[in-house]
Amino acid sequence: MNWRPATASDAPFLHELHHANRPDLQALPPEVREPLLALQYQAREREYLRQYPHAQREMICRGERAVGAFLTAGRSGHLLLIDLAVHPQAQGRGLGTLTLKWLQTRARAEGHPLVLRVMRDNPAVRLYAREGFRVWGEEGLRLQMGWAP
């Protein structure tokens, strides 16, 4: 497993990754689901760019094949994990855990905490807690979680 900066050629995979991680919409007819997912993806990407203009997207790879991606930004004394996604076909193999450990190593080297926000009902909350993240605050339906070196 390795990580690399995302390039323009990763756009189709990133679009598919977003689609694949929305099982809640799979029951919709394709003529409704596909435009809805495309709009959601575009809106999310625009919002990330607006809020985090200096964020860095990196790809999670097994060999040369992308299997996931994450987005981070350095923010006033901490490393912010904005988004982390592994394709459902690659989930359950420890890729998210390894990526978190790598990000923790990076944050430790920079002397900063690693911070993220997650929906409180997201199953990833258990993964984050298992990797040493603690709830630092609550924002409506989201938890702010952090890990400090």
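Here are a few friendly notes on a sheet, two helices and one histidine in this predicted model.

1. A good place to begin is the sheet. It is open and built from seven strands, and following them across gives the order S1-S2-S3-S4-S5-S7-S6. The pairing is mixed. As general background, strands of a sheet pair through backbone hydrogen bonds, in either a parallel or an antiparallel way.

2. Next, look at the two edges. Strand S1 (2–5) and strand S6 (134–139) are the edge strands, and each of them pairs on one side only. Across the sheet, neighbouring strands are turned by 30° against each other on average, direction ignored.

3. The S1 edge is worth a closer look. S1 and strand S2 (residues 56–62) run antiparallel and are joined by four bridges. Here you can find Arg4 standing opposite Met59 in S2.

4. Now add the helices. H1 packs on the sheet, where it touches S2, strand S3 (65–75) and strand S4 (78–86). The direction of H1 makes about 90° with that of S3. Helix H2 (residues 30–51) also packs on the sheet, touching S2, S3 and S4. The direction of H2 makes about 170° with that of S4.

5. Finally, pick out His18 in helix H1 (residues 11–20). Is His18 buried or exposed? Its relative accessible area is 9%, which is under the 20% cut-off, so His18 counts as buried. Leaving aside neighbours within four places in sequence, His18 is in contact with Leu37, Gln40, Tyr41 and Arg44.

Technical notes: Residues are numbered from 1 along each chain as its sequence is written. This is a predicted model: local features need pLDDT of at least 70, side-chain atom pairs count only at pLDDT 80 or more; totals for chains, interfaces and linings use all residues. Side-chain values use heavy atoms; hydrogens and water are left out. Buried means under 20% relative accessible area, exposed over 50%, partly exposed in between (1.4 Å probe, protein chains only). Contact means heavy atoms within 4.5 Å. Two strands pair if DSSP finds at least two bridges between them. Axes are lines fitted to C-alpha atoms, for helices over the stretch in contact, and angles run from 0 to 180 degrees between N-to-C directions.
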